[in-house]
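This report introduces a structure to a reader who has not met it before. It treats helix packing, a loop, a buried helix face and the surroundings of a nucleic acid strand in turn.

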There are 2 protein chains.
Amino acid sequence: MADVNVSTLSHSPKDPAKGAGKLDDSQGNGGIPAVELIELLFFAYRDFVGDADELLARLGFGRAHHRVVHFVNRHPGMRVADLLAVLKITKQSLGRVLRELVDNGYIDQKAGATDRRERLLYVAPKGEELARQLVTLQTRRFARALNECGPGAREQRESSSLP
Amino acid sequence: MADVNVSTLSHSPKDPAKGAGKLDDSQGNGGIPAVELIELLFFAYRDFVGDADELLARLGFGRAHHRVVHFVNRHPGMRVADLLAVLKITKQSLGRVLRELVDNGYIDQKAGATDRRERLLYVAPKGEELARQLVTLQTRRFARALNECGPGAREQRESSSLP
DNA sequence: AAAATAAGTCAATATGGCTGACGTAAACGT
DNA sequence: ACGTTTACGTCAGCCATATTGACTTATTTT
(Lines give C-alpha, C1' and ligand atoms only; values in the text may rest on other atoms or scores of the structure.)
Protein backbone atom coordinates (compact mmCIF):
# COMPACT_ATOMS: atom_id res chain seq x y z
CA MET A 1 0.00 0.00 0.00
CA ALA A 2 2.98 2.27 -0.06
CA ASP A 3 3.12 2.76 -3.78
CA VAL A 4 3.44 6.38 -4.68
CA ASN A 5 4.23 5.27 -8.17
CA VAL A 6 3.95 7.19 -11.36
CA SER A 7 6.06 6.06 -14.19
CA THR A 8 5.97 2.29 -14.47
CA LEU A 9 2.98 1.20 -16.44
CA SER A 10 3.13 -2.12 -18.14
CA HIS A 11 1.85 -1.02 -21.53
CA SER A 12 3.23 2.39 -22.35
CA PRO A 13 4.32 2.50 -26.00
CA LYS A 14 5.17 6.17 -26.21
CA ASP A 15 5.33 8.38 -23.17
CA PRO A 16 7.76 11.27 -23.55
CA ALA A 17 6.14 13.92 -21.35
CA LYS A 18 4.23 15.52 -24.25
CA GLY A 19 3.83 19.28 -24.45
CA ALA A 20 3.10 19.87 -20.84
CA GLY A 21 5.00 22.98 -19.85
CA LYS A 22 7.47 23.28 -17.04
CA LEU A 23 7.28 25.62 -14.15
CA ASP A 24 9.41 28.69 -14.22
CA ASP A 25 12.36 27.51 -12.19
CA SER A 26 13.02 30.89 -10.66
CA GLN A 27 11.22 29.67 -7.55
CA GLY A 28 13.61 26.81 -7.03
CA ASN A 29 11.69 23.63 -7.74
CA GLY A 30 14.34 21.48 -9.31
CA GLY A 31 12.99 21.92 -12.80
CA ILE A 32 10.47 19.12 -12.24
CA PRO A 33 7.80 19.21 -14.93
CA ALA A 34 4.55 20.52 -13.54
CA VAL A 35 2.71 17.40 -14.63
CA GLU A 36 4.81 15.32 -12.31
CA LEU A 37 4.04 17.60 -9.40
CA ILE A 38 0.37 17.30 -10.22
CA GLU A 39 0.51 13.53 -10.21
CA LEU A 40 2.59 13.49 -7.08
CA LEU A 41 -0.05 15.51 -5.30
CA PHE A 42 -2.75 13.13 -6.46
CA PHE A 43 -0.89 10.06 -5.25
CA ALA A 44 0.15 11.70 -2.03
CA TYR A 45 -3.40 12.64 -1.19
CA ARG A 46 -4.82 9.29 -2.22
CA ASP A 47 -2.44 7.20 -0.14
CA PHE A 48 -2.24 9.65 2.62
CA VAL A 49 -5.88 9.78 3.36
CA GLY A 50 -6.33 6.07 2.74
CA ASP A 51 -4.56 5.02 5.91
CA ALA A 52 -6.78 7.12 8.09
CA ASP A 53 -9.89 5.94 6.26
CA GLU A 54 -9.51 2.46 7.67
CA LEU A 55 -9.39 3.62 11.26
CA LEU A 56 -12.30 5.97 10.69
CA ALA A 57 -14.42 3.33 9.01
CA ARG A 58 -14.21 1.19 12.14
CA LEU A 59 -15.81 4.05 14.06
CA GLY A 60 -18.46 4.61 11.41
CA PHE A 61 -16.88 7.87 10.36
CA GLY A 62 -15.55 9.19 7.07
CA ARG A 63 -13.14 11.76 5.79
CA ALA A 64 -15.46 14.57 6.61
CA HIS A 65 -15.32 13.64 10.29
CA HIS A 66 -11.57 13.40 10.07
CA ARG A 67 -11.25 16.93 8.81
CA VAL A 68 -13.51 18.33 11.49
CA VAL A 69 -11.74 16.55 14.32
CA HIS A 70 -8.40 17.57 12.93
CA PHE A 71 -9.11 21.26 12.63
CA VAL A 72 -10.99 21.56 15.88
CA ASN A 73 -8.12 19.82 17.60
CA ARG A 74 -5.67 22.21 16.02
CA HIS A 75 -7.71 25.30 16.73
CA PRO A 76 -9.69 24.76 19.89
CA GLY A 77 -12.48 27.24 20.37
CA MET A 78 -12.96 27.91 16.70
CA ARG A 79 -16.41 28.92 15.59
CA VAL A 80 -18.59 26.97 13.19
CA ALA A 81 -18.19 29.79 10.67
CA ASP A 82 -14.41 29.43 10.87
CA LEU A 83 -14.66 25.74 10.20
CA LEU A 84 -16.86 26.36 7.20
CA ALA A 85 -14.36 28.83 5.80
CA VAL A 86 -11.48 26.43 6.26
CA LEU A 87 -13.22 23.44 4.75
CA LYS A 88 -15.02 25.48 2.09
CA ILE A 89 -18.20 23.47 2.28
CA THR A 90 -21.76 24.51 3.10
CA LYS A 91 -23.17 24.56 6.58
CA GLN A 92 -25.66 21.90 5.59
CA SER A 93 -22.86 19.54 4.70
CA LEU A 94 -20.99 20.31 7.86
CA GLY A 95 -24.15 20.05 9.90
CA ARG A 96 -24.62 16.32 9.56
CA VAL A 97 -21.03 15.49 10.30
CA LEU A 98 -20.72 17.86 13.21
CA ARG A 99 -23.90 16.57 14.79
CA GLU A 100 -22.64 13.00 14.67
CA LEU A 101 -19.37 13.98 16.26
CA VAL A 102 -21.12 15.90 19.01
CA ASP A 103 -23.68 13.17 19.62
CA ASN A 104 -20.93 10.58 19.94
CA GLY A 105 -18.88 12.64 22.34
CA TYR A 106 -15.93 13.54 20.14
CA ILE A 107 -16.62 17.27 19.97
CA ASP A 108 -17.94 19.69 22.58
CA GLN A 109 -19.75 22.93 21.86
CA LYS A 110 -19.85 25.96 24.14
CA ALA A 111 -21.66 29.24 23.64
CA GLY A 112 -19.27 32.14 23.08
CA ALA A 113 -18.50 34.32 26.08
CA THR A 114 -18.91 37.69 24.39
CA ASP A 115 -21.27 36.64 21.62
CA ARG A 116 -23.57 33.92 22.77
CA ARG A 117 -24.78 33.11 19.26
CA GLU A 118 -21.42 31.54 18.54
CA ARG A 119 -20.90 27.85 19.20
CA LEU A 120 -17.24 27.43 20.00
CA LEU A 121 -15.89 24.01 19.17
CA TYR A 122 -13.58 21.90 21.29
CA VAL A 123 -12.41 18.33 21.04
CA ALA A 124 -13.60 16.16 23.91
CA PRO A 125 -11.02 13.71 25.33
CA LYS A 126 -12.35 11.07 22.97
CA GLY A 127 -11.85 13.42 20.05
CA GLU A 128 -8.36 14.37 21.12
CA GLU A 129 -7.39 10.73 21.27
CA LEU A 130 -8.79 10.13 17.82
CA ALA A 131 -6.96 13.14 16.42
CA ARG A 132 -3.77 11.84 17.98
CA GLN A 133 -4.17 8.42 16.40
CA LEU A 134 -4.88 9.91 13.00
CA VAL A 135 -1.88 12.20 13.13
CA THR A 136 0.29 9.26 14.13
CA LEU A 137 -0.90 7.25 11.16
CA GLN A 138 -0.29 10.06 8.74
CA THR A 139 3.04 10.98 10.23
CA ARG A 140 4.20 7.43 9.73
CA ARG A 141 3.20 7.54 6.10
CA PHE A 142 4.94 10.85 5.67
CA ALA A 143 8.11 9.41 7.14
CA ARG A 144 7.94 6.49 4.74
CA ALA A 145 7.28 8.78 1.78
CA LEU A 146 10.19 11.02 2.70
CA ASN A 147 12.41 7.97 2.98
CA GLU A 148 11.53 7.05 -0.57
CA CYS A 149 12.26 10.61 -1.64
CA GLY A 150 15.76 10.61 -0.20
CA PRO A 151 18.85 10.45 -2.39
CA GLY A 152 18.41 7.88 -5.13
CA ALA A 153 14.69 7.67 -4.65
CA ARG A 154 13.93 8.59 -8.22
CA GLU A 155 15.66 5.50 -9.60
CA GLN A 156 13.89 3.40 -7.02
CA ARG A 157 10.53 4.72 -8.03
CA GLU A 158 11.15 4.01 -11.68
CA SER A 159 11.39 0.30 -10.96
CA SER A 160 8.79 -0.41 -8.34
CA SER A 161 5.23 -1.62 -7.83
CA LEU A 162 2.09 -1.17 -9.91
CA PRO A 163 0.85 -3.81 -12.37
CA MET B 1 -9.27 31.87 -3.95
CA ALA B 2 -5.56 31.65 -3.36
CA ASP B 3 -5.66 31.14 0.36
CA VAL B 4 -3.51 28.26 1.40
CA ASN B 5 -3.87 29.48 4.92
CA VAL B 6 -3.47 27.58 8.10
CA SER B 7 -2.66 29.56 11.13
CA THR B 8 -4.85 32.62 11.34
CA LEU B 9 -8.18 31.80 12.88
CA SER B 10 -10.10 34.59 14.52
CA HIS B 11 -10.93 32.82 17.76
CA SER B 12 -8.01 30.69 18.84
CA PRO B 13 -7.55 30.95 22.62
CA LYS B 14 -4.87 28.33 23.03
CA ASP B 15 -3.16 26.70 20.09
CA PRO B 16 0.41 25.57 20.87
CA ALA B 17 0.81 22.59 18.56
CA LYS B 18 -0.32 20.09 21.22
CA GLY B 19 1.40 16.70 21.46
CA ALA B 20 1.62 16.05 17.78
CA GLY B 21 5.03 14.57 17.17
CA LYS B 22 7.58 15.81 14.70
CA LEU B 23 9.04 13.89 11.85
CA ASP B 24 12.49 12.49 12.24
CA ASP B 25 14.49 15.22 10.59
CA SER B 26 17.10 12.85 9.20
CA GLN B 27 15.31 13.01 5.89
CA GLY B 28 15.78 16.72 5.61
CA ASN B 29 12.33 18.25 6.00
CA GLY B 30 13.15 21.46 7.79
CA GLY B 31 11.88 20.19 11.12
CA ILE B 32 8.34 21.18 10.15
CA PRO B 33 5.86 19.52 12.52
CA ALA B 34 4.04 16.69 10.78
CA VAL B 35 0.68 18.26 11.54
CA GLU B 36 1.55 21.24 9.42
CA LEU B 37 2.51 19.05 6.51
CA ILE B 38 -0.78 17.24 6.85
CA GLU B 39 -2.74 20.47 6.73
CA LEU B 40 -0.64 21.77 3.88
CA LEU B 41 -1.51 18.70 1.86
CA PHE B 42 -5.18 19.17 2.58
CA PHE B 43 -5.19 22.80 1.50
CA ALA B 44 -3.03 22.13 -1.51
CA TYR B 45 -5.34 19.42 -2.74
CA ARG B 46 -8.47 21.39 -2.04
CA ASP B 47 -7.40 24.51 -3.89
CA PHE B 48 -5.55 22.67 -6.52
CA VAL B 49 -8.41 20.59 -7.70
CA GLY B 50 -10.87 23.44 -7.29
CA ASP B 51 -9.58 25.39 -10.28
CA ALA B 52 -9.99 22.49 -12.63
CA ASP B 53 -13.44 21.70 -11.26
CA GLU B 54 -14.86 24.86 -12.76
CA LEU B 55 -13.66 24.09 -16.25
CA LEU B 56 -14.83 20.50 -15.95
CA ALA B 57 -18.25 21.47 -14.69
CA ARG B 58 -18.86 23.48 -17.84
CA LEU B 59 -18.36 20.29 -19.84
CA GLY B 60 -20.60 18.27 -17.55
CA PHE B 61 -17.64 16.39 -16.15
CA GLY B 62 -16.27 15.89 -12.66
CA ARG B 63 -13.01 15.04 -10.99
CA ALA B 64 -13.26 11.43 -11.98
CA HIS B 65 -13.20 12.42 -15.65
CA HIS B 66 -10.25 14.68 -14.96
CA ARG B 67 -8.21 11.86 -13.53
CA VAL B 68 -8.96 9.54 -16.39
CA VAL B 69 -8.11 12.09 -19.06
CA HIS B 70 -4.97 13.03 -17.20
CA PHE B 71 -3.56 9.55 -16.84
CA VAL B 72 -4.54 8.37 -20.28
CA ASN B 73 -2.90 11.47 -21.70
CA ARG B 74 0.22 10.77 -19.73
CA HIS B 75 0.32 7.07 -20.54
CA PRO B 76 -1.18 6.54 -23.96
CA GLY B 77 -2.10 2.96 -24.68
CA MET B 78 -2.60 2.03 -21.06
CA ARG B 79 -5.06 -0.75 -20.35
CA VAL B 80 -8.23 -0.39 -18.34
CA ALA B 81 -6.70 -2.59 -15.67
CA ASP B 82 -3.74 -0.23 -15.40
CA LEU B 83 -6.04 2.70 -14.93
CA LEU B 84 -7.93 0.87 -12.21
CA ALA B 85 -4.68 0.15 -10.41
CA VAL B 86 -3.55 3.75 -10.59
CA LEU B 87 -6.82 5.25 -9.46
CA LYS B 88 -7.53 2.50 -6.94
CA ILE B 89 -11.22 2.41 -7.65
CA THR B 90 -13.46 -0.40 -8.84
CA LYS B 91 -14.14 -1.12 -12.47
CA GLN B 92 -17.80 -0.34 -11.92
CA SER B 93 -16.91 3.15 -10.78
CA LEU B 94 -14.56 3.66 -13.67
CA GLY B 95 -17.04 2.21 -16.11
CA ARG B 96 -19.52 5.02 -16.11
CA VAL B 97 -16.91 7.75 -16.32
CA LEU B 98 -14.97 6.05 -19.07
CA ARG B 99 -18.10 5.43 -21.11
CA GLU B 100 -19.02 9.11 -20.95
CA LEU B 101 -15.57 10.13 -22.07
CA VAL B 102 -15.58 7.67 -24.95
CA ASP B 103 -19.13 8.57 -26.00
CA ASN B 104 -18.23 12.24 -26.08
CA GLY B 105 -15.09 11.74 -28.08
CA TYR B 106 -12.46 12.52 -25.48
CA ILE B 107 -11.00 9.04 -25.25
CA ASP B 108 -10.43 6.37 -27.89
CA GLN B 109 -10.22 2.64 -27.29
CA LYS B 110 -8.35 0.15 -29.42
CA ALA B 111 -8.13 -3.60 -29.00
CA GLY B 112 -4.66 -4.72 -28.01
CA ALA B 113 -2.41 -6.01 -30.79
CA THR B 114 -1.15 -9.10 -29.01
CA ASP B 115 -4.04 -9.63 -26.63
CA ARG B 116 -7.28 -8.57 -28.19
CA ARG B 117 -9.19 -8.69 -24.93
CA GLU B 118 -7.37 -5.58 -23.84
CA ARG B 119 -8.86 -2.19 -24.60
CA LEU B 120 -5.97 0.19 -24.90
CA LEU B 121 -6.81 3.77 -24.05
CA TYR B 122 -5.78 6.86 -25.96
CA VAL B 123 -6.80 10.49 -25.72
CA ALA B 124 -8.59 11.75 -28.80
CA PRO B 125 -7.63 15.25 -29.98
CA LYS B 126 -10.48 16.64 -27.92
CA GLY B 127 -9.15 14.85 -24.86
CA GLU B 128 -5.62 16.01 -25.43
CA GLU B 129 -6.80 19.59 -25.64
CA LEU B 130 -8.73 19.20 -22.40
CA ALA B 131 -5.76 17.65 -20.66
CA ARG B 132 -3.62 20.55 -21.85
CA GLN B 133 -6.04 23.11 -20.48
CA LEU B 134 -6.24 21.37 -17.14
CA VAL B 135 -2.50 21.13 -16.78
CA THR B 136 -2.19 24.79 -17.62
CA LEU B 137 -4.67 25.72 -14.91
CA GLN B 138 -2.93 23.63 -12.31
CA THR B 139 0.51 24.74 -13.34
CA ARG B 140 -0.55 28.32 -12.84
CA ARG B 141 -1.75 27.55 -9.37
CA PHE B 142 1.45 25.73 -8.59
CA ALA B 143 3.43 28.73 -9.72
CA ARG B 144 1.40 30.97 -7.46
CA ALA B 145 1.77 28.60 -4.53
CA LEU B 146 5.51 28.40 -5.00
CA ASN B 147 5.69 32.16 -5.13
CA GLU B 148 4.05 32.32 -1.74
CA CYS B 149 6.48 29.71 -0.47
CA GLY B 150 9.53 31.70 -1.51
CA PRO B 151 11.78 33.35 1.03
CA GLY B 152 9.73 35.14 3.65
CA ALA B 153 6.59 33.26 2.78
CA ARG B 154 6.10 31.93 6.25
CA GLU B 155 5.65 35.39 7.76
CA GLN B 156 3.32 36.29 4.94
CA ARG B 157 1.13 33.33 5.57
CA GLU B 158 0.84 34.12 9.25
CA SER B 159 -0.88 37.40 8.46
CA SER B 160 -3.13 36.69 5.52
CA SER B 161 -6.68 35.79 4.51
CA LEU B 162 -9.30 33.60 6.22
CA PRO B 163 -12.15 35.03 8.30
C1' DA C 1 -12.26 -28.61 -23.92
C1' DA C 2 -11.81 -26.27 -19.67
C1' DA C 3 -10.17 -22.57 -16.95
C1' DA C 4 -8.54 -18.10 -16.36
C1' DT C 5 -8.42 -13.31 -17.66
C1' DA C 6 -9.91 -8.46 -19.50
C1' DA C 7 -13.53 -5.93 -19.84
C1' DG C 8 -18.33 -4.48 -19.58
C1' DT C 9 -22.82 -4.28 -17.24
C1' DC C 10 -27.02 -4.38 -13.99
C1' DA C 11 -28.67 -3.39 -9.50
C1' DA C 12 -28.62 -1.79 -4.93
C1' DT C 13 -26.44 1.13 -1.48
C1' DA C 14 -23.54 4.72 0.99
C1' DT C 15 -21.13 9.05 1.44
C1' DG C 16 -20.52 13.64 1.03
C1' DG C 17 -21.10 17.29 -1.44
C1' DC C 18 -24.90 20.84 -3.25
C1' DT C 19 -29.25 24.29 -3.41
C1' DG C 20 -33.31 26.33 -1.47
C1' DA C 21 -36.24 27.46 2.21
C1' DC C 22 -37.17 28.33 6.74
C1' DG C 23 -36.57 28.89 12.00
C1' DT C 24 -34.45 30.66 16.26
C1' DA C 25 -31.70 33.25 19.12
C1' DA C 26 -28.75 36.97 19.92
C1' DA C 27 -26.49 41.25 18.66
C1' DC C 28 -26.49 45.67 16.32
C1' DG C 29 -28.09 50.15 14.41
C1' DT C 30 -30.85 53.98 14.06
C1' DA D 1 -37.48 49.96 21.25
C1' DC D 2 -37.86 47.91 16.95
C1' DG D 3 -36.20 46.21 12.76
C1' DT D 4 -32.19 44.16 10.56
C1' DT D 5 -28.42 41.39 10.42
C1' DT D 6 -25.72 37.57 12.01
C1' DA D 7 -24.66 32.74 13.67
C1' DC D 8 -26.29 28.62 13.70
C1' DG D 9 -29.39 24.77 12.86
C1' DT D 10 -32.46 21.91 10.07
C1' DC D 11 -35.79 19.91 6.60
C1' DA D 12 -36.07 18.19 1.98
C1' DG D 13 -34.38 16.87 -2.34
C1' DC D 14 -30.70 16.39 -5.88
C1' DC D 15 -26.18 14.88 -7.81
C1' DA D 16 -21.54 12.73 -8.28
C1' DT D 17 -18.81 9.26 -6.98
C1' DA D 18 -17.69 5.49 -4.70
C1' DT D 19 -18.93 0.67 -2.95
C1' DT D 20 -20.36 -4.75 -3.23
C1' DG D 21 -22.13 -8.66 -5.64
C1' DA D 22 -23.59 -11.17 -9.57
C1' DC D 23 -23.39 -12.05 -14.29
C1' DT D 24 -22.02 -11.80 -19.53
C1' DT D 25 -18.86 -11.81 -23.46
C1' DA D 26 -14.70 -12.37 -25.72
C1' DT D 27 -10.30 -14.10 -25.76
C1' DT D 28 -6.21 -16.30 -24.15
C1' DT D 29 -4.01 -20.03 -21.53
C1' DT D 30 -3.45 -24.49 -19.98
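The model described here is predicted. The account begins with a loop residue in each of two chains.

**The loop residue K88**

With a relative accessibility of 38%, K88(A) counts as partly exposed, because partly exposed covers the range between under 20% (buried) and over 50% (exposed). K88(A) sits in the loop between α3 (80–87) and α4 (91–103) of chain A. The phi angle of K88(A) is positive, near 55°, in a residue other than glycine.

In chain B, K88(B) likewise counts as partly exposed, at 39% relative accessibility. The loop that holds K88(B) lies between α3 (80–87) and α4 (91–103) of chain B. K88(B) is not a glycine, yet its phi is positive, at about 55°. This positive phi comes just after α3(B).

**Buried residues of chain B**

Helix α3(B) has several buried residues, namely D82(B), L83(B), L84(B), V86(B) and L87(B). Which elements do the buried residues of α3(B) pack against? Their partners are α1 of chain A together with α2, α4 and β2 (119–123) of chain B.

Another buried residue is F42(B), whose relative accessibility is 11%. F42(B) belongs to helix α1 (residues 34–58) of chain B. Leaving aside residues up to four places away in sequence, F42(B) touches Y45(A), R67(A), F71(A), V86(A) and L87(A).

**Packing of two helices in chain A**

Two packed helices are described by the angle between their axes and the distance between the axes. For helix α1 (residues 34–58) and helix α2 (residues 63–74) of chain A, the angle is about 95° and the axes are 10 Å apart. Angles of 65 to 115 degrees count as roughly perpendicular, and α1(A) and α2(A) are therefore roughly perpendicular to each other. On the side of α1(A), the contact is made by Y45(A), V49(A), A52(A), D53(A) and L56(A), while α2(A) contributes R63(A), H66(A) and R67(A). Sorted by class, the contact of α1(A) with α2(A) has 4 nonpolar, 1 polar and 3 charged residues.

Y45(A) takes part in this helix contact, and Y45(A) is also touched by F42(B). R67(A) appears in both settings as well, in the contact of α1(A) with α2(A) and among the residues that F42(B) touches.

**Surroundings of DNA strand D**

There are 25 residues around DNA strand D, of which K91(A), R117(A), R67(B), T90(B) and S93(B) come nearest. Of the atoms of DNA strand D that come within 4 Å of the protein, sugar and phosphate account for 58%. Three contacts with the strand are set out below.

| Residue and atom | Partner in DNA strand D | Distance |
|---|---|---|
| V80(A), backbone N or O atom | phosphate oxygen | 3.4 Å |
| T90(B), polar backbone atom | phosphate oxygen | 2.8 Å |
| R117(B), polar side-chain atom | base oxygen | 3.3 Å |

The elements that give two or more residues to the surface near DNA strand D are α3 and α4 of chain A together with α2 (63–74) and α4 of chain B. Which element supplies the largest share of this surface near DNA strand D? That element is α2(B), with 4 residues. By class, the residues of the surface near DNA strand D divide into 13 charged, 8 polar and 4 nonpolar.

Methods. Residues are numbered from 1 along each chain as its sequence is written. Chains are lettered from A and ligands numbered from 1 in the order in which they are written. This is a predicted model: local features need pLDDT of at least 70, side-chain atom pairs count only at pLDDT 80 or more; totals for chains, interfaces and linings use all residues. Side-chain values use heavy atoms; hydrogens and water are left out. Axes are lines fitted to C-alpha atoms, for helices over the stretch in contact, and angles run from 0 to 180 degrees between N-to-C directions. Angles under 35 degrees count as roughly parallel, over 145 as roughly antiparallel, 65 to 115 as roughly perpendicular and the rest as oblique. Contact means heavy atoms within 4.5 Å. Ala, Val, Leu, Ile, Met, Phe, Trp, Tyr, Cys and Pro count as nonpolar, Asp, Glu, Lys and Arg as charged, and the others, Gly among them, as polar. Buried means under 20% relative accessible area, exposed over 50%, partly exposed in between (1.4 Å probe, protein chains only). A residue is near a molecule or strand if one of its heavy atoms lies within 4 Å of it. A polar contact is a pair of N or O atoms within 3.5 Å; within protein, one must be able to donate a hydrogen and the other to accept it, and residues adjacent in sequence count only if both atoms are side-chain atoms.
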